[in-house]
Amino acid sequence: MKSYRKELWFNLPNRRQFINITSQVEQCLRESGVKEGMVLCNAMHITSSVFINDDESGLHHDFEVWLEKLAPEKPYAQYHHNGSEDNADAHLKRTVMGREVVVAITEGRLDFGPWEQIFYGEFDGKRRKRVLVKIIGD
Amino acid sequence: MKSYRKELWFNLPNRRQFINITSQVEQCLRESGVKEGMVLCNAMHITSSVFINDDESGLHHDFEVWLEKLAPEKPYAQYHHNGSEDNADAHLKRTVMGREVVVAITEGRLDFGPWEQIFYGEFDGKRRKRVLVKIIGD
Amino acid sequence: MKSYRKELWFNLPNRRQFINITSQVEQCLRESGVKEGMVLCNAMHITSSVFINDDESGLHHDFEVWLEKLAPEKPYAQYHHNGSEDNADAHLKRTVMGREVVVAITEGRLDFGPWEQIFYGEFDGKRRKRVLVKIIGD
C-alpha cells in the first residue's frame, strides 16, 4: 500500500471565503502515483471546512447568507466561546459545511460526478491556515 | 490491496425522496470479496446525499419538514443560484445531510450498529442520478 | 494491509453530553501498529455523533444552545417519529454534527492540526451506546 501526505497552506484576506482546491488535490494525486484508493482531504483547523459542491458564484453567495442565518457572526456576546475569541460562529458554520471529504481514486483520477469540485471553506481568515491531503492505495 | 467500484443509478419520481440502499451496498461488498477494509459511498451529484440513519417513515417525514424549515425550496428568487436553476435549496439540504458515508468492513460485512441503514437522499429528482460505491481492503 | 477494530462503550448520565475520546482513539492506534493509513471513527447509533472540534467548555455550551434552536427537543409531538419514541430531535442533532470522522495516520500518529480533538456527541443518553474505531493501513 502506498501513502502520500501534503499540507496546502492558505492565508485568505477575508474572514469568510471559499477557494476551489480541486486542481491542487489532483496535483497531489499525480505526485502520489496511486491508481486505486482513497483521498482524505480535511481542514486542520476547527474554524474551516473542506467540502464538495458547485463552483458557481451565486451558490456561494447563497451559502454565505444561509450560514449567517443559521449561525450569525454577531452579536459576539451571544456565544460563551467568545470571551477572548470572536469566532464561535466559525466553529458552528464549519460544522454545517463539514470538516473533511473522502474521494475515491479510480484509474489514477478523482472519481467525481459531473459537477463535483473540492473547496476550502474559510470562516475565520486573515491568517495562515492549512488543509491536509492524505492518499492511500496502490 | 483489493479495490472495487460500482455506480448505483436512480431516477426518482419526486423532487425529494429517501431510498434505502443498504442491500445494494451489501451486494457490492459481496462482489468485491473484501473482508477487512472500508466502503466509501457518495452521491456523485451536488444536489443529493448519502447518509446513515433510521428506516422509519415518521422520521423521514420529520427530516423533510426540518430541511424545508432550514433551507426552504420557495420562493425561488430568494437564492442567487436560481437564475436559470431552481435547485439552490437542494444544494443546501444536501449539505446538512452530507455527501458521503464511510463504513467499516469487518469479516466481510458492513460493520454496523443495530439500526444503521444507508440512504440515498434525493433533493432535486425526476432525472437520472447516481451514487458511487468504492471499496478498498483485503 | 493491517486492519484493527475496537468498540468504545459509553453510558452517559445526561440526555446530551460531549466526551473527548482522543486519547482512547490514540490508544487504539498504538494497539493497531499502523504507521501510515486512516482511522474511521463512527457512532454506531443513529442518535449520537463523532465529530472533531475544540475542547472548550464555552463552545460546547454554544453547541448545545445552537442545536436546541435548530432542532428543539420539545414539544415532543412536533415530530412524527415521536410515537413510542421521544428522540426525533436526537436524530436531527446528530445529522448536523455528523456520524463519523476519518483521520489520517502519519508516522504512527493521528495527523491533526493544533486544536483538533475527537468527541463522542450523545443526544439520547442514559443508556449503553458505542463508537466503532476501525483502522486500516501499513
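Two exercises on a predicted model follow, each with a worked solution.

Local features need pLDDT of at least 70, side-chain atom pairs count only at pLDDT 80 or more, and totals for chains, interfaces and linings use all residues. Residues are numbered from 1 along each chain as its sequence is written, chains are lettered from A in the order in which they are written, and side-chain values use heavy atoms, with hydrogens and water left out.

**Exercise 1.** State how many residues chain B and chain A each bring to their contact, and how many salt bridges are counted between them.

*Solution.*
Step 1. Contact means heavy atoms within 4.5 Å. Chain A brings 34 residues and chain B brings 31 residues.
Step 2. A salt bridge is a side-chain nitrogen of Lys or Arg within 4 Å of a carboxyl oxygen of Asp or Glu. Between chain B and chain A the count is three.
Step 3. One salt bridge joins Arg99(B) to Glu116(A), with 2.7 Å between the closest N and O atoms.

**Exercise 2.** Give the strand order of the open sheet in chain A, and explain why S1 and S6 each have a side without a neighbour in the sheet.

*Solution.*
Step 1. Strands are DSSP runs (E, at least two residues), numbered from the N terminus. Two strands pair if DSSP finds at least two bridges between them.
Step 2. The order in chain A is S1-S8-S3-S5-S6, five strands with antiparallel pairing.
Step 3. Strand S1 (2–11) and strand S6 (109–110) of chain A are at the edges and each has a single partner strand, so one side of each lacks a neighbour in the sheet.
Step 4. S6(A) is joined to strand S5 (residues 100–106) of chain A by two bridges. Leu110(A) in S6(A) is the bridge partner of Ile105(A).

Methods. Helix = DSSP H or I, 4+ residues; strand = E, 2+ residues; numbered from the N terminus.
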